[in-house]
Amino acid sequence: MGRAWLFGSNVNTDVITPGRYNLTTDPAEMARFCFCEVRPEFPKQVKPGDFIVAGEHFGSGSSRESAPLAIQACGICAVIAPSFARIFYRNAINVGLALCLTPTQGIQDGDELEWNKERGLIVNLTQGIEFPIEKLPDFVLAIRRAGGIIAYLNQHGSRLPEIK
Amino acid sequence: MRAQTLSEKIFSRKLGQQVRAGQTVLAEVDWILSHDTTTPLAIQSYEKLKQADFHAEKVILVFDHIVPAPHPQGAALHRRIFKFAQEQGISHLHYGEGICHQLLAELGYVTPGALIIGADSHTCTAGAFGAFATGMGSTDIAVAWATGQSWFRVPETIRVEVRGALPAYLGPKDLILQIVKQVGTTGAAYRALEFGGPTIDAFDMPQRMTLCNLAIEMGGKAGLIAADRATLDYLRPRVSAGMYGQTPLQSLYPDPGAHYEQVLGVDATALVPQVALPHGLEETVDVDQVAGLKLDQVFIGTCTNGRFEDFQMAAQILASHTVAPNLRLICTPASREVYLQMIKSGVAETLLRAGALLTNPGCGPCLGRHQGVLAEGERCLSTMNRNFRGRMGSPQAEIYLAGPAVAAASAIKGVISDPREV
Ligand code: SF4
C-alpha cells in the first residue's frame, strides 16, 4: 500500500533526472534529485511502497537509465501508466523496476493504492475502484521475476530469456 | 515472398527467416554504441555479471557529451571508461573527435542493413543509411557487450512521403519540425518511420541524417531511409575493408506494396521556416509568429544540425554581418572532419569574424553541462532536437528550436528572425 504521486502525460527523462545533476552512477544519489524541479517535495517526502501514476508515454526523451534507477531508489513500488516510452520501458524492465500498464484517469494525487499481484489489479483504496493491469509478455515477466536482466543472466548461465 | 518494409527486411536478413512487424526477436547486433555519459552505468551493470564474454569487436565508445571534462566528476567518469576500455581491449575508441552519431557515419561504421544499438536516444540518426539503429539504456548495452545480442520487437512502420523542392533558406530541419507537428510527439511510439519520395531521394546524406535524428522526438523506435546511390557514394571512401560487422555495401529499398500502418504525404514547396516553442516539440509555428522575440543566446550545432552544410548556410547569412550586441552565438561542429572543412572552406573565418564563439567538436551546450549553459530567465534559439525544460541549464530558461538559417538570421538581429528577410 502506498500513496499515488500524480504526473501528467509525456513526462520526459529530463524531468525525472535533470541532465545537469546526472553525474553519478550511485542510485541513492540519483534519488535525491528525482523530479526535483517539477515537484521539489517529491524526493524528500516519497516513501517506500508509493506509486508513480502518470499519463501516456511516460519516460520519453533521452536513453538515460538514471530515470528508472532514481525512481527505484526512491522506493517506488511501481509506475502506473497507460503507456510508456519504449527506451524507458526497456530500462525499467532491465533494472527491475515494476511497470503497470493500465488507464489512470480518475486517480488523484495522494490516493492510497494497492497492487494486488495475484489478481493483476491496481486497487484504489481511497476511491474504492479497481483497475485491471495489462499482462506483459512472458519473457518480460521472467526478467522481472529474476529482479532485472543482470540478475536473470546470472541465474540462467548468461543466456537471454527465450522469446516465443 | 511477402512485401517488406525496410525494418522487416533488415530483421529478416539478420535472422535468416521472414519476420514481420509485431514479432519479438532475439538478434545479433552489428555495433554497440555508447558515450561518455551512458558508458559508466553500462560498466556498472556489466561488472555485476558473474561470468560474461565481451564482444569488444562490436563495441564503439565515444567521448562527446562532456569533452574536455568540465569538472572533476566528469573527469572521473572519463577515467573510469578509459580504464575499462583498456582492460577489455576496445579499439573503437574516440575522444573529442565528434558526436557519436556523426562519427558512425563519417568513419563508415554504419552500413545499409546493419543492426545498431546505442545508449543514446538519437542512435536513430544512423537510419539515414538504411540501417536499423535504435536507442537503448545502459544495461541493454551491457547485456549486448556480454552476449552480442539484444531483443527487439519488429516495429510497424509509418511511411512519410515527401515531394517538391525545399524553398530557398529552408532545410531538412524545417521539414522534420513540420512532420513532428503532423505526427505528434508520441504519434510514432514503438513504430519505425520510413522517409521517402522524390524530395528525400534528392537529399544528400547530411540532410537525411537531420530527418532521421528527430524520429525519437515522435516517440519513434527508428527512422529509416532507403540506401541508394547517394548512400553508397558517401560510404564507399569511408568504409575500411574488413572492419567487423560490416555487411557488404549494397543498396537497400523497401518492397513496393509493403504494409504501412499509415502513409503521410508532405509537400515541401509550401513550407516556411519553422520554430518549435518551449518546452517540447508539441508546438511548432511559422517563424513570423515568434519573430521579434529577444534572444540571449543562439546555438548552432548538435547531431541534428552541426554538419558542414549547416555552418555553410549560417556563414552565407552571417557574411558581412556581425552578431547582435549582448547576444552569444555559439557554434559547435559535430566532428573534427566538419571543423576541418569549416577551416579549409573559410566558413570558420566568416563565423568568427561575425563574432561567433567556435567550440571544439562534440555535443557542446546541448545538454546543459558546459560551453553555454543558460541562466534563469534567458532565452535561447538552438538548432538542436530537444527543447525540454532545463535541458540547457536553468529550468527557468526558454529554448526555441529551428534550423541553421533561422539561427544565423536571429543572431544578427538579436531577435527571432526570418532568414528570408535578412
Ligand atoms: S548533440 Fe545533443 S542530442 Fe545529439 S547526442 Fe549530443 S547531447 Fe544528444
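Visitor: What does the domain assignment give for chain A?
Guide: In this predicted model, chain A is assigned domain 1 (2–133) and domain 2 (136–164). Their C-alpha centres are 22 Å apart.

Visitor: How many residues does each of those domains put into the contact?
Guide: Nine residues come from domain 1 of chain A and nine residues from domain 2 of chain A.

Visitor: And what area is buried there, and which residues of domain 1 supply most of its share?
Guide: About 610 Å² is buried between domain 1 of chain A and domain 2 of chain A, with carbon and sulfur atoms giving 62%. On the side of domain 1 of chain A, Y89(A), I93(A) and N94(A) supply 60% of the area buried against domain 2, more than any other three residues.

Visitor: How many salt bridges are counted between the two?
Guide: The count between domain 1 of chain A and domain 2 of chain A is zero salt bridges.

Visitor: Turning to chain B, how is that chain divided?
Guide: Chain B has domain 1 (6–267) and domain 2 (274–421). The C-alpha centres of these two domains of chain B lie 25 Å apart.

Visitor: What does the contact between them involve?
Guide: It brings 37 residues of domain 1 of chain B against 40 residues of domain 2 of chain B. The two domains of chain B bury about 3,100 Å² between them, 56% of it on carbon and sulfur atoms. Within the area that domain 1 of chain B buries against domain 2, I99(B), Y169(B) and K173(B) supply 22%, more than any other three residues.

Visitor: How many salt bridges are there between these domains of chain B?
Guide: Two salt bridges are counted between domain 1 of chain B and domain 2 of chain B. In chain B there is also a salt bridge to report between R238(B) and E337(B), with the closest N and O atoms 3.1 Å apart.

Visitor: Next, the two chains together. How many residues does each contribute to the contact?
Guide: Chain B contributes 49 residues and chain A contributes 37 residues. Residues L41(B), W151(B) and Y190(B) lose the most area to chain A on the chain B side, together 18% of what that side buries.

Visitor: What is the buried area in total?
Guide: Chain B and chain A bury about 3,700 Å² between them, and carbon and sulfur atoms give 60% of that area.

Visitor: How many salt bridges cross the interface?
Guide: The rule finds two salt bridges across the interface of chain B and chain A. D14(A) and R391(B) meet through their side chains in a salt bridge, at 3.5 Å from N to O.

Visitor: Now the ligand. Which residues are around it?
Guide: They are H65(B), I99(B), H101(B), D120(B), H122(B), T302(B), C303(B), C363(B), C366(B), N385(B) and R391(B). R391(B) is thus in the list around the ligand and also in the salt bridge with D14(A). I99(B) likewise appears around the ligand and among the residues named for the domain contact of chain B.

Visitor: How does that shell divide by residue character?
Guide: Four residues of the shell are nonpolar, five are polar and two are charged.

Visitor: Which domains supply the shell?
Guide: Domain 1 (6–267) and domain 2 (274–421) of chain B each supply at least three residues.

Visitor: And what is the space that the ligand takes?
Guide: That space is the largest cavity.

How values were computed
Residues numbered from 1 in each chain as written. Chains lettered and ligands numbered in written order. Predicted model: local features only at pLDDT ≥ 70, side-chain atom pairs only at ≥ 80, totals over all residues. Heavy atoms only, no water. Near = heavy atom within 4 Å. 1 Å grid on protein atoms, 1.4 Å probe; cavity = no way out; pocket = protein on both sides within 12 Å on 5 of 7 lines; lining within 4 Å. Sits in = over half its atoms within 2 Å of the grid points. Nonpolar A, V, L, I, M, F, W, Y, C, P; charged D, E, K, R; others polar. Domains from an automatic or database assignment. Contact = heavy atoms within 4.5 Å. Buried area = accessible area lost by both parts, 1.4 Å probe. Salt bridge = Lys/Arg side-chain N within 4 Å of Asp/Glu carboxyl O.
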